[in-house]
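Let's take a walk through this chain, starting with a pair of helices and then stepping back to the whole. Have the model open and follow along.

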Amino acid sequence: MSAVAPASGRTSRTHRLRGLAGVGLLATLVAVLATTVAVALARAAGVDFAVPAGGETIPTPGFAVVTGVFSVVGIVIAAALLRWSVRPAARWVWTAVSLTAISLVAPLLCGGSAATVTALAGLHLVPAAVMIPALRWSLRTE
């Protein structure tokens, strides 16, 4: 009977990890789409996304790529918390909100116009608003 329990625990953990990955990848697609739409709206409103430090305008696909990469990093962090934390959902929210707050420093230091800085800060919040609740929901323990 003891041989059944570990296999059952492994199956449950594998099932939860697959569920987390599925929800995370779907949320990543939604976050990339939402960010791309937000960039398009900001550009339509006149934000140029010119960053003097590099001397160039940030291209729209760049926002999508960075959003996708950091969303996948968030999935990896959530998977680690699922594996090693007693309270993965609570730890995820704390970690993700902290990292989002830290990420808001970069727009302030970019040297862009007020509109660019404001839009960049807002664009950090768009994927966070998608990824944090989605992965928290997937990490819940009932």
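Start where two helices touch: P88, A89, W92, V93, A96, V97, T100 and S103 in α3 meet H124, L125, A128, M131, I132, L135, R136 and L139 in α5. Contact here means heavy atoms within 4.5 Å. By class, this contact of α3 with α5 has twelve nonpolar, three polar and one charged residues. For that sorting, Ala, Val, Leu, Ile, Met, Phe, Trp, Tyr, Cys and Pro count as nonpolar, Asp, Glu, Lys and Arg as charged, and the others, Gly among them, as polar.

A word on the ground rules before going further. This is a predicted model, where local features need pLDDT of at least 70 and side-chain atom pairs count only at pLDDT 80 or more, while totals for chains, interfaces and linings use all residues. Residues are numbered from 1 along each chain as its sequence is written, and side-chain values use heavy atoms, with hydrogens and water left out.

Now for the geometry of that pair. Two packed helices are described by the angle between their axes and the distance between the axes. Helix α3 covers residues 88-103 and helix α5 residues 114-139; their axes come within 9 Å and cross at roughly 170°. The axes are lines fitted to C-alpha atoms, for helices over the stretch in contact, and angles run from 0 to 180 degrees between N-to-C directions. So α3 and α5 are roughly antiparallel to each other, given that angles under 35 degrees count as roughly parallel, over 145 as roughly antiparallel, 65 to 115 as roughly perpendicular and the rest as oblique.

I132 gives a close-up of this contact from the α5 side. Leaving aside neighbours within four places in sequence, I132 is in contact with W92, V93, A96, V97 and T100. At 14% relative accessibility, I132 counts as buried; the cut-offs are under 20% relative accessible area for buried, over 50% for exposed, and partly exposed in between (1.4 Å probe, protein chains only). For a sense of distance, the C-alpha atoms of I132 and G111 are 28 Å apart in space, with their positions 21 residues apart in sequence. Over in α3 sits A90, which counts as partly exposed at 34% relative accessibility. From A90 to A134 the separation is 44 residues in sequence and 13 Å in space, C-alpha to C-alpha.

A134 turns up again when you look at helix α1, where A27 is found. A27 and A134 are 107 residues apart in sequence, yet 6.5 Å apart in space, C-alpha to C-alpha. Setting aside neighbours within four places in sequence, A27 is in contact with V130, M131 and A134. A27 is buried, with a relative accessible area of 6%. Further along α5 comes S138, whose contacts beyond four places in sequence are R16, G19, L20 and V23. S138 is buried too, at 13% relative accessible area.

Next, the strands. F49 is found in the loop between α1 (4-44) and β1 (50-51). Its phi is near 55°, a positive value in a residue other than glycine. At 0% relative accessibility, F49 counts as buried. One of the residues in contact with E56 is F49; A50 and V51 are the others, again leaving aside neighbours within four places in sequence. E56 lies in strand β2 (residues 56-57) and is exposed, with a relative accessible area of 59%. E56 and G68, twelve residues apart in sequence, are 22 Å apart in space, C-alpha to C-alpha.

Finally, zoom out. The secondary structure comes to five helices and two strands, running α-β-β-α-α-α-α from the N terminus on. Helices (H or I, at least four residues) and strands (E, at least two) are DSSP runs, numbered from the N terminus. The radius of gyration of the chain is 18 Å, well over the 14 Å that the globule rule gives for 142 residues, so the chain is more spread out than a compact globule. That radius is taken over C-alpha atoms, and the rule is 2.2 Å times the number of residues to the power 0.38. Along its principal axes the C-alpha trace spans about 65 × 25 × 25 Å.

Buried residues make up 32% of the 142 residues in the chain. Among contacts between residues at least 6 apart in sequence, 72% join residues at least 24 apart.
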